[in-house]
Amino acid sequence: MSMMKEFKDFAVKGNVVDMAVGIIIGAAFGKIVTALVSGVIMPPIGLMLGGVDFSDLQFVLKDAVGEAPAVVISYGSFIQTLVDFTIIALAIFMMVKGINSLKRKEEAAPEAPPKPTTEEILLTEIRDLLKSKS
């Protein structure tokens, strides 16, 4: 039973749930970036390079024969994936940098000094009274 309790404690902790939400959002974000890169960024880059469509770039190792498909190395899709990764990494870097700067501002704010206790107030009054009698 203790192993089940430990697993339940682990699975229900906020960090695990936060991580799962982050992975799901990250996967959706990856699809958005892929669509952005393939549909918006890569066509102008390909046009500037003479009308090259990166997704079609490939080395043919063996031509198609009958029903057998051609054997190819699709380096164009690899280039597009590298661009996707670079954009995602840049976006995450900027997001983390922004969050870290917010955390630094929170940490830099000085805390107000704590209010003196009633004991300290009484001792201060006694000290002041003793000073005034001297």
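Is Tyr75 buried, partly exposed or exposed? I started here and found that Tyr75 is partly exposed, with a relative accessible area of 29%. Buried would need under 20% and exposed over 50%, so 29% falls in between. Note to self: this is a predicted model.

**Entry: the ring partner.** I looked up aromatic pairs next and got a count of 1 for the structure. Phe59 and Tyr75 make up that pair, and their ring centres sit 4.8 Å from each other. The planes are 35° apart, and the pair is classed as tilted. I then checked where the two rings come from: Phe59 is in strand β1 (residues 59-62), while Tyr75 belongs to helix α3. They are 16 residues apart in sequence, so the pair ties those two parts together.

**Entry: a nonpolar patch.** I stayed with helix α3, which runs over residues 75-108. On the surface I noted a nonpolar patch of about 420 Å², built from Phe29, Ile92, Met95, Val96 and Ile99. Helix α3 gives the most to this patch, with 4 residues. I picked Ile99 for a closer look, and it is found in helix α3. Its relative accessibility is 42%, so I put Ile99 down as partly exposed. As a reminder on spacing, an α-helix has 3.6 residues a turn, so residues three or four places apart point the same way.

**Entry: helix α4.** How many of the 16 residues of α4 are buried? I got 0, so I wrote this helix down as hardly covered, given that buried means under 20% relative accessible area. Helix α4 covers residues 118-133 and reaches 23 Å from its first C-alpha to its last. That is close to the 22 Å expected at 1.5 Å a residue.

How values were computed. Residues are numbered from 1 along each chain as its sequence is written. This is a predicted model: local features need pLDDT of at least 70, side-chain atom pairs count only at pLDDT 80 or more; totals for chains, interfaces and linings use all residues. Side-chain values use heavy atoms; hydrogens and water are left out. The expected span of a helix is 1.5 Å times one less than its number of residues. Buried means under 20% relative accessible area, exposed over 50%, partly exposed in between (1.4 Å probe, protein chains only). Patches are made of residues with over 30% relative accessible area and no salt bridge: like charges are joined within 9 Å, nonpolar side chains (Val, Leu, Ile, Met, Phe, Trp, Tyr) within 5 Å. Accessible areas come from the Shrake-Rupley method with a 1.4 Å probe; for residues, only the protein chains shown count as cover. A salt bridge is a side-chain nitrogen of Lys or Arg within 4 Å of a carboxyl oxygen of Asp or Glu. Rings of Phe, Tyr and Trp (its six-membered ring) pair if their centres lie within 6.5 Å; planes under 30 degrees apart count as stacked, over 60 as edge-to-face and the rest as tilted.
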